[in-house]
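Reader: Got a minute? I'd like to walk through this one with you, starting with how burial is judged.

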Amino acid sequence: MGGGKVQGEEVLTGGVNHVVRTGDTVRRPAGPWTPAVHALLRHLAGRGFTGAPRAHGLDEQGREILDFVPGESADYPLPDWVRTDEVLAAVAKLLREYHDATVDAPRQGPWYFPPVEPAEVICHGDVATYNCVFRDGRPVAFIDFDTAHPGPRVWDVAYAAYRFVPLHHPADGDGIPVAEQARRLRLFADAYGLGDADREALVETARARLEHLVGFMRERAAAGDAAFAGHVARGDDRFYETNMAHLERHAAELAPITPGRVTSRSPRSDR
Ligand SMILES: Nc1ncnc2c1ncn2[C@@H]1O[C@H](COP(=O)(O)OP(=O)(O)O)[C@@H](O)[C@H]1O
Ligand SMILES: [Mg+2]
């Protein structure tokens, strides 16, 4: 996008879209998915969920109008204040609240990504530090609902965990030791209140989400999308592949499976 300035509009830096702030609103390019996303945002507002901006239709240029949510978001390299256990647990709780508020949300598309079965909730699709608004160091809202689509809870939880734990290769700049990843992943699953089957599927689902992301990114780049071509050119796809291999290698160590559930010890053996 050109660096031209339009009076009263402040350009916000994003990964994909040209996003501007004007007064108390944000203007973003709309797409075929925008009506479904706005129906979702209206549903959330009706449920009293405050962790998402409200939508106000389209402006005269055909851009979507959203409330500006005051606060800050965070990109890589992640600042220390985003990497605390408090933020991790608070994001998991906000995600749980968001998902619970979407259980009875309209499923009618078109969505940016095709629905994934079982469509328990409306997944946000890109829960990450850069799509989260923090105030006083606490997560207060998710933004950038473009990628929302019906899907299973774990599909969204696994990706959010990848971003917030983070489950990167430890040698990456944002990487942490595997044991610390395992501890923080369990904390995330506990704070969300994730069920047993989803806990077992969590690490493999995180890997599958990255595989999906890499495939999508390469497809968009090949189709001539400048933003995704830029991501591929700087090696994002290869970076995610390194992380997929990391998740595969350490799947057993990372899995936040409830102790006791998998043991065959009988109660008598305690005596
Ligand atoms: N509703 C909003 N309230 C406050 N800030 C926003 C809002 N929408 C976007 N932003 C800011 O603009 C940045 C880019 O917007 P985003 O919607 O994430 O676009 P992209 O599709 O490019 O990722 C965000 O990281 C955030 O800092
Ligand atoms: Mg974004």
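Author: Sure. A residue is buried if 20 or more other C-beta atoms lie within 10 Å of its own, exposed if 12 or fewer, and partly exposed in between. Keep in mind that this is a predicted model.

Reader: OK, try it on Arg42. How many C-beta neighbours does Arg42 have inside 10 Å?

Author: Arg42 has 14. That falls between the two cut-offs, so Arg42 counts as partly exposed.

Reader: Which helix is Arg42 in?

Author: Helix α1, which covers residues 34–46.

Reader: And what separates the C-alpha atoms of Arg42 and Pro53?

Author: 9.5 Å. Along the chain the two are 11 residues apart.

Reader: Switching to strands. What order do the five strands of the open sheet take?

Author: β1-β2-β3-β5-β4, with antiparallel pairing. The edges are β1 (10–12) and β4 (55–58), and each of these pairs on one side only.

Reader: How much are neighbouring strands turned against each other?

Author: By 30 degrees on average, ignoring direction.

Reader: Zoom in on β4 and β5. How many bridges join β4 to β5?

Author: Two, and the strands run antiparallel. As for facing residues, Ala55 stands opposite Leu66 in β5.

Reader: Now domains. What does the domain assignment give?

Author: Domain 1 spans 11–67 and domain 2 spans 80–254. Taken over C-alpha atoms, their centres are 21 Å apart.

Reader: How many residues of each domain are in contact?

Author: 16 residues of domain 1 are in contact with 21 of domain 2. On the domain 1 side, the residues touching domain 2 are 12 nonpolar, three polar and one charged.

Reader: Ligand time. Which residues come nearest to ligand 1?

Author: Leu12, Gly14, Asn17, Val69 and Asp144, out of 19 residues around ligand 1.

Reader: What's the class breakdown of the shell around ligand 1?

Author: 11 nonpolar, five polar and three charged.

Reader: Where does the shell around ligand 1 draw its residues from, by domain?

Author: Domain 1 (11–67) and domain 2 (80–254) each give at least three residues.

Reader: Back to the sheet for a second. Which strands each supply at least two residues of the shell around ligand 1?

Author: β3 (25–29) and β5 (63–67). In the sheet order, β3 and β5 sit side by side. And β5 is also the strand bridged to β4.

Reader: Great, that covers my list.

Conventions
Residues numbered from 1 in each chain as written. Chains lettered and ligands numbered in written order. Predicted model: local features only at pLDDT ≥ 70, side-chain atom pairs only at ≥ 80, totals over all residues. Near = placed C-beta within 6 Å. Helix = DSSP H or I, 4+ residues; strand = E, 2+ residues; numbered from the N terminus. Nonpolar A, V, L, I, M, F, W, Y, C, P; charged D, E, K, R; others polar. Domains from an automatic or database assignment. Contact = placed C-beta atoms within 7 Å. Pairing = 2+ DSSP bridges. Axes fitted to C-alpha atoms, helices over the stretch in contact; angles between N-to-C directions.
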